[in-house]
Every structure is written in C-alpha cells, then in structure tokens.
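Me: I have just opened this structure and would like some help reading it. Could we go through it together?

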Amino acid sequence: MRRRAARGNRLGLALLGLALLAAGAALTARSRGWYGGPAATSLYPPAARHYLHAHPWIWPAAAAAAIIIGLACLRWLLIQPRRDLLRHIRLDTGQGTEPGAGRTTLPAAALANVIEDDLAAQPGIRRASAALTGSPDQPQLWLAVTTDTQADPGRLLSHLTSDLLPGVRTSLGQPDLAATARIITTRRQLRPQPTLASQPLTRRAAPHHDQPGHQRASRQPPDPADTQPQQQETSEGRR
Amino acid sequence: MTSPPPVQARMPRGSRPVTAFVAALLATCVCAFAAVQAISLGLHHRTLGFSVHAITRLGRTTHWDAPAVLTAGIAAAVIGIGLLAAGLLPPRRRVTELAAADPRLAAGIPPAGLRRALRAAVTGIDGITAARLRGRRHLTITATTGLHDTTGLAEAIQATAAQRLALLARPPAVRVRLRREDH
C-alpha cells in the first residue's frame, strides 16, 4: 500500500547511510593521521581561514547545497504517511477511439465499503477495512481483517478465495485482480454472535466449568467438513 | 499454447517506516541548521544563539586527534553502516504467511495473533484449562489439564493444532506435552 514510500525509504536510507559512512570514515582516518597531514593540527587552521576569506562564495554555495538537500529530506519526510490509494477504478476496457465511446469509472471507496460490509457480516469478524491501490486499469486490493480470538482464519481465507474475490473480480472485469489480506486476531473477548457463531466460537462460548448448560468441545479433533455446510449456508443467505 | 500458472503472491515486506521517519526528520533538521549557519557565517551575523566566533574558536582550539573527533567519526561510520544495511537489505515480513488456494491472494497473520488463536483453540478442548506455546519452527504446546484420565487428549490437541496450522504456507512441527493441574 506504500510502494512509493518503500522505494523512497530504501533509496533515502542507503544514500544517507553512504554519506554518513564516507564522512565518518574520512573523519576517523584524518583523526588518526592517515591522510591530510599531521593529526595534531587544529580543525580550523589559519590557512583555512585565509582560504575562506579569499573565496567568499563558499558560504552561499554551502547554504544553497544545504537548502537543496534539506528540501529533498523534507519531501522524503512528507511522503511517510502517504498511502497510494486509488480514487476511481476504470470498469470498461475500451480505448475510447470509437465515436460515442465513453469511460465508466467507479469510486474506489464505494467498492471498498461493499467489501468491508461483506467481511463484517462474516462470523467472528470484528472489523474489516479495504483499500484499492495500483492504477485505475490494474487495481490491487488490500484487506485488513480483525477477528475474534476464537474465529477460524481458515474459514475467512476460504470465504475470500471462493466468494469475495471471485465476486469482486467479476464485478470489475479484472480476472487477475491481486489481493493482499492481513488477518489480525484481537486480544479482546469474544463478541456475542448467537446466530452467526461458527463452530469454534460456540466451543469457546462458555469458558467456566461451573456454569450449567455450557458446551465444550469434545476430545475429537474438529472436522473441517462439519463447518462447511454452515459456511455455505451463510454465503447463500447473503446472496 | 497455455500460459504458465501464476506464481503464488506473497505478503509484502515492511517499508521501514520508523527508521525512515527518524532519519528523514534528523536529516531535515541537520540540513536546516547547516543552511542557517552557512548563511550566518557568510554574513558574519549571530543567529539562533550561536556565535560565529564561538564556532570558529572551537575549530581553532580542537585538534584532529582529539578523542571527541575520533569518537564522532567512528559513531558516524557505525550509524552509516546501519542505515546502509537498512536501505539495502530486504526488510523482514512481519506476518506469518498463509497458504491461500488463490495464487493471486497473499494472506498473512501476525505471529502473536496466530499463537493467540491456536492457544484459544487448544484451551477450547474439553479438559484443557490452560495452554502455553513455545518455539516457532518446532512448536511445543504445553497444555494443563485437571483430568485424571488423559487418554486421547494429546492426540486431540495435536489434531486441533494441525488443523489450525494447516493454513500456514510452512507449518511448524508440533510437539504436545501434558501437565497436570496442581491441586
């Protein structure tokens, strides 16, 4: 999502590191007397003072160089919080050369909202955020999904691959739409979801032994096939 | 002619935002300070509380072989090596990658979150009161139980963990240890 900032950071850090390394190595070598005369001389000898007096353009040149490098550093600083978000997505692939050919665009935020709503309706999902980056012709989808501790990330992954992404790709006419999903498990307690609760959620619903009527998981390992019909049912219900 | 199957997408690496922010901020401040001092030196003016004469006096009285100069040189070189490495070496991926069936979907979960989810799944098994996870490549689950008959419990934990870890692109080897609850 921050491709430009990532490239700028790599370049900026490498250049700054190289400059500091060169300056530090030169200072160390001069301090040890390896070049530039004896090390017991002062940093600002009279000869240097006379040279600077004889060449008054040096200070303005140094000031100009510092200002130019400083502005580059300021630009580097200002791109840090920026995200390469798309505002619109182009839906048609026409070149616009034919008479009457138009261009259809969709606000990226509208699509992101639909995706977020779809994800938030899934069991065990606390929060979801979606964003589109890249170019209007070739967008890329970024998802950040916060789940309950007991939610099964496998079910979420399955929903993404079998329901959500195919739907988005079909809607946009982008069969190669790439997506990145970051699944964050919250530390907070389970959100009560009696109707949509998944199998692992129901197992964890009653953590105390002494409460009557609670359900605990059996010693048998959970069967993925058990959860499949419920998931399909949820998907079907949404459609 | 069939096109080759798409390569599995991977989670992006970090962009070193904190290092870059600190470096950019310090570099901007240093450049601004240097520009102001260069202008003041050129105009022989006193600026920002720094006297030009004080700076030149410091330059005249300090020698190249002073310990402070050597220390500054070594410190600059070390910081430079660190920043160069940060710029050239690829940052770590901060998430554990999941194996998605869709090759164009890159999915990941922070390791801490995965451990929380795994611990919750294990403690959800009947008879397990607590669970502790250790290791990354070789994961050891130490589960605490109050049951006297622990037949099949380790296998149930193993199977639950295997089901959750099957999502990972590179699932770790799991070892289960049972610990009886102290009464």
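Here we look at how chain A and chain B meet.

Reply: Happy to! This is a predicted model, in which local features need pLDDT of at least 70 and side-chain atom pairs count only at pLDDT 80 or more, while totals for chains, interfaces and linings use all residues. Residues are numbered from 1 along each chain as its sequence is written, and chains are lettered from A in the order in which they are written.

Me: How many residues does each chain bring to the contact?

Reply: Two residues are in contact if their C-beta atoms, placed from the backbone, lie within 7 Å. Here chain B gives 74 residues and chain A gives 70 residues.

Me: How do I read the packing of helix 1 of chain A and helix 1 of chain B?

Reply: Two packed helices are described by the angle between their axes and the distance between the axes. Helices are DSSP runs of H or I, at least four residues, numbered from the N terminus. Axes are lines fitted to C-alpha atoms over the stretch in contact, with angles from 0 to 180 degrees between N-to-C directions. In this model, helix 1 (residues 3–31) of chain A packs on helix 1 of chain B at about 55 degrees, with the axes 10 Å apart. That makes the pair oblique (not under 35, over 145 or 65 to 115 degrees).

Me: Which residues meet there?

Reply: A:Asn9, A:Gly12, A:Leu13 and A:Leu16 meet residues of helix 1 of chain B, including B:Thr19, B:Ala20 and B:Ala23.

Methods:
Helix = DSSP H or I, 4+ residues; strand = E, 2+ residues; numbered from the N terminus.
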